[in-house]
Amino acid sequence: YRVSIKYKYVQGGIDFRAGLFRGASVTAQDTTTPGRANSVAAGSLPIHISHVHRFPLEPTSTDKTWITALVRSTVLPQVTLTYDAGAGVVSLAMVDDGLLSDGQGSDGVFGVELPPFPHNTQVRFRIRAVAASGVGEYPRPKTPGAPVAEDVAGYYVNDLQPDSVLP
């Protein structure tokens, strides 16, 4: 289980202790660094991947699929999309050239085109951005540097779509 608690220090000791059901407990130690640099201070912002989009949202077996992502970094990163559609892992370079449905060139939105896949194919993918300032991953793995099978995004290819403009 995950328990989140937000508390505001008013007075007394800075240590926080809480008792949970059946004897479980949690302790937060003093993490303040008054008069010193923050304990997690960094020289630059970390790479951040967000606004991941897919077009079309529900691809059929005749559709190519475009994946785009906004990648924020202080230097130009190398961005890779790795996917598995059942035939093994394939890596493709994502580019920010304005040609692959990624908006304008050099705007931080990277894109890549995936080929059509047969009906009922499950396509699972990860995005990784690497630069001198570090590494960014989408989705963010629960264990950094060692993503597990569940740490992926994905979609299904479906030819059985209704003839309707309704969602």
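These are my notebook entries on the strands, the sheet and the surface of a predicted model.

**Entry 1, overall make-up.** I began with the secondary structure of the protein chain, and I found ten strands and zero helices. Reading along the sequence, I wrote the pattern down as β-β-β-β-β-β-β-β-β-β.

**Entry 2, the sheet.** I then looked up how strands E3, E4 and E7 are arranged, and they form an open sheet of three strands in the order E3-E4-E7, with antiparallel pairing. The edges are taken by strand E3, residues 48-55, and strand E7, residues 109-114, each of which pairs on one side only. For the twist from one strand to the next, I noted an average of 20 degrees. As background to this entry, I recorded that the strands of a sheet pair through backbone hydrogen bonds, either parallel or antiparallel.

**Entry 3, the E3 and E4 pairing.** How many bridges join E3 to strand E4? I found six, with E4 covering residues 65-72 and the two strands running antiparallel. I also followed one residue across this pairing, and the bridge partner of His-48 in E4 is Arg-72.

**Entry 4, contacts and burial.** Turning to the protein chain as a whole, I checked the contacts between residues at least 6 apart in sequence, and 57% of these join residues at least 24 apart. I looked up burial next, where 26% of the 167 residues count as buried, taking buried to mean under 20% relative accessible area.

**Entry 5, surface.** My last look-up was the accessible surface of the protein chain, which comes to about 11900 Å², with 55% of that area belonging to carbon and sulfur atoms.

Notes: Residues numbered from 1 in each chain as written. Predicted model: local features only at pLDDT ≥ 70, side-chain atom pairs only at ≥ 80, totals over all residues. Heavy atoms only, no water. Pairing = 2+ DSSP bridges. Helix = DSSP H or I, 4+ residues; strand = E, 2+ residues; numbered from the N terminus. Axes fitted to C-alpha atoms, helices over the stretch in contact; angles between N-to-C directions. Buried < 20%, exposed > 50% of the residue type's maximum accessible area, 1.4 Å probe, protein only. Contact = heavy atoms within 4.5 Å. Areas by Shrake-Rupley, 256 points an atom, 1.4 Å probe, with all protein chains shown as cover.
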